[in-house]
Structures are given as C-alpha cells and as structure tokens.
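Hi everyone, thanks for making the time. I'd like to walk you through one structure today, going from single residues out to the whole chain and back again. Please have the viewer open while I talk.

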Amino acid sequence: MDSRHEEYAIAAAVILYHPDDTFIYNLETYYSAVAQIFIIDNTEDQALQVDWSRYPKVSYFHDGQNRGLAVRLNEAAGYAIAAGYHWLLTMDQDSWFTPQSITQYLQCFAGFAEKKQVALFGPKFFRENQPLPLTCSWQKAKRVITSGALMNLQPFHQIGGFDEALFIDSVDHEYCIKASLAGYSIIEFQSVAMVHKVGSLINRSSIKTMFLVKKKKEVHPPLRCYYMLRNLLYLQQKFAGQKVPLMPVIRRDVLKRIEKALFYGRNTRKLASFLLLAYRHFKENKMGKLEIL
C-alpha cells in the first residue's frame, strides 16, 4: 500500500521566507520521519537554490510572492489532503528536532488512542536543545504553536482552515480557538522537545533597570508588533461573546512582547507609529499584508 494512504501516514509542510543556510540542516532532522514534504517559499525574489533531486520527498513551490503564513498553510493542507494524507506536520524554517526527539514524537503520536478527537498535537519548544525524559506524558492544552504541530486534516475544513485575514501572527491561536469551539482537543506531549527560536535574543539594559543591568530578552521588530496588536484586536472582536479561555492568554502574551520591544528595542518612535497604525487599520478593517511604500 502507498504509505500516503495509510491512516496515520504523515506529510510535512514548511513555509519559507528568506531562509538562511541552516534551513537544509533543519529539514534533514525530520526528513526521514515523514512520507512527503511540501515546501512553499514566500520569498519575493528568486527561488531557493537547492538541488531538490537530493530530496525526492520534497515538493517545492515558489511564485515570487509573500502571501503570508495563513494562505500558505491552507495551500499546504490542500496539497496534503489531495495526496491522501490525514496528518500534516507543520514546521518553521528555523525549527528542528534531534533524532531522539522526532522518534519520540512519532512514537507518542502512534500510541495515542483517541487521535480522531484531536485537532493538533504539539511538542514543547526551547531556544536550545533540552533533553527530556523518555516518556509519552501529555496534557490537554489551550494552544500549540504552528511549528512542530501535527495537524489532523480530517476535520480541517470543518474547523475552517486558517484565517487569511491575519497574514502572520496569531494564525495558530485563531485555529486553536476554532478547533476547541468545534469540540476537538489540543494535546501537548510533555517529554518531546523541539528547538525553536521566537524573536531575536538580545542582551541589553533598559530604563526598567536604570540602564545599569543587562538582561537577555526576546525582542520583536516594530513591523511584527504591528501584526501582533492588530490581530489581537481582530481576534477579540471575532470571538466576542464566546467562551474562549485562550483569549486572556493571547492578550497577555502580546502585551508582554510589545512591552519588551518598547523597553529593550532601540527604535521606540518607529514602534509607536506602527502600533498606532495597527489600531487604526483594525478600526478600518484593513487586514492581510501591510503594504509599506
């Protein structure tokens, strides 16, 4: 039987945007664990220069447009469904597994009894490799991030796919909310580790410490903070009046990241202008990609 038609065969999807030289290394950490990989490149200029004949499982797509994360995830899910897969591993270009952790992940997934009621499985993630006990302990979660998630494709259309109005940021949050409202579980394996970097790690002082003490902080650029704030406001409006336990968590996380950018970034004026623009665009219902002249 063709492996892609087995009930629990897994495809993978990676959405690229100006990937650096580490991407191929990262890809190889899970290449052998899946049956097929759909790579969709959002880079606006030339396609990634890789000899794809070395990676026969890979289907590479590049149209020279940056259409954001949500659109490309929907495309990847469509490719996987059309090819007969029921499960899709979604990965960021800078995320990777150790051989032990990807093996553990798939073993835990295979041994989980009630897969059909699960919309998403996910690992724990760290900036650096973090060995964890070899168990399959798990817990129900309010969310998992897109990178490293094993997505159940059978209820994908019922859940509603990814909201393309978001472009990037909170794309995973919005899908998790809809999955929960539709009655599906989200499961995080407590002993599966993935390496994944969020924001740029800097070592810098701020006014909070009177510029006397330097601290390591993950800081996002002003444009990313624009999407964070605009999309938070959008989600609050979209799910207003519904019981969404994840919403306070999202709000707290977004505000904390903006606070870090304000105190530890070095472009406060630009950040403030982007945050004001985010609020204005939300009020004007301007969603999708921010076109910067």
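Let me start with a small one: where is Asn 285 found? Asn 285 sits in the segment that follows α8. Before I go further, please keep in mind that this is a predicted model. Now, what is the phi of Asn 285 like? Asn 285 has a positive phi of about 60 degrees, although it is not a glycine. For context, most residues other than glycine have a negative phi. As for its surroundings, Asn 285 is exposed, with a relative accessible area of 58%.

There is another residue to put beside that one. Asp 169 also shows a positive phi, near 70 degrees, and it too is a residue other than glycine. You can find Asp 169 in the loop between α4 (156-159) and α5. Is Asp 169 buried or exposed? At 11% relative accessibility, Asp 169 counts as buried. So if you like checking backbone angles, there are two places to click on: Asn 285, which is exposed, and Asp 169, which is buried.

Let's zoom out for a moment. How many helices and strands are there in the protein? There are eight helices and ten strands. The radius of gyration is 19 Å, close to the 19 Å that the globule rule gives for 293 residues, so the protein is as compact as a globular protein of that length. Along the principal axes, the C-alpha atoms fill a box of roughly 60 × 45 × 40 Å. Of the 293 residues, 50% count as buried.

On to contacts and surface. If we take contacts between residues at least 6 apart in sequence, 76% of them join residues at least 24 apart. The protein exposes about 14,500 Å², and carbon and sulfur atoms supply 53% of that. For those of you who think about electrostatics, there are 36 positive and 27 negative charges, and their mean positions are 11 Å apart.

Now to helix α6, which covers residues 222-238. Helix α6 has 17 residues and reaches 24 Å from its first C-alpha to its last, close to the 24 Å expected at 1.5 Å a residue. Why can we call α6 largely enclosed by the rest of the structure? Because twelve of its 17 residues are buried. Among them are Pro 222, Cys 225, Met 228, Arg 230 and Asn 231. And what covers them? The cover includes α5 (171-181), α7 (246-264) and α8 (268-283).

One residue of α6 to look at more closely is Tyr 234. Tyr 234 is buried, with a relative accessible area of 15%. Leaving out residues up to four places away in sequence, Tyr 234 touches Asp 163, Ala 165, Leu 166, Phe 282 and Met 287. The C-alpha atoms of Tyr 234 and Tyr 279 are 9.9 Å apart, with the two positions 45 residues apart in sequence numbering.

Next, a few charged side chains in buried places. Arg 72 lies in helix α2 (residues 68-82), and it is buried, with a relative accessible area of 2%. What does Arg 72 touch, not counting residues up to four places away in sequence? The list is Ile 15, Ile 40, Asp 41, Asn 42, Asp 63, Gln 65 and Arg 67. Arg 72 and Phe 167 are 95 residues apart along the chain, and their C-alpha atoms are separated by 9.5 Å.

Lys 115 is found in the loop between α3 (99-111) and β5 (118-126). Lys 115 is buried as well, with a relative accessible area of 4%. Apart from neighbours within four places in sequence, Lys 115 is in contact with Tyr 8, Trp 87, Phe 109, Ala 110, Phe 121 and Asn 152.

Helix α3 also holds Gly 111, which is exposed, with a relative accessible area of 61%. Its C-alpha is 8.6 Å from that of Cys 136, a residue 25 places away in sequence.

Last stop: Thr 90, in strand β4 (residues 87-92). Thr 90 counts as buried at 3% relative accessibility. Beyond residues up to four places away in sequence, Thr 90 touches several others, including Ala 13, Leu 73, Thr 146 and Met 151.

That's my tour, and I'm happy to go back to any of these spots with you.

Conventions
Residues are numbered from 1 along each chain as its sequence is written. This is a predicted model: local features need pLDDT of at least 70, side-chain atom pairs count only at pLDDT 80 or more; totals for chains, interfaces and linings use all residues. Side-chain values use heavy atoms; hydrogens and water are left out. Helices (H or I, at least four residues) and strands (E, at least two) are DSSP runs, numbered from the N terminus. The expected span of a helix is 1.5 Å times one less than its number of residues. Buried means under 20% relative accessible area, exposed over 50%, partly exposed in between (1.4 Å probe, protein chains only). Contact means heavy atoms within 4.5 Å. The radius of gyration is taken over C-alpha atoms; the globule rule is 2.2 Å times the number of residues to the power 0.38. Accessible areas come from the Shrake-Rupley method with a 1.4 Å probe; for residues, only the protein chains shown count as cover. Lys and Arg count as positive and Asp and Glu as negative; His and the chain ends are not counted. The place of a charge is taken as NZ of Lys, CZ of Arg, CG of Asp or CD of Glu.
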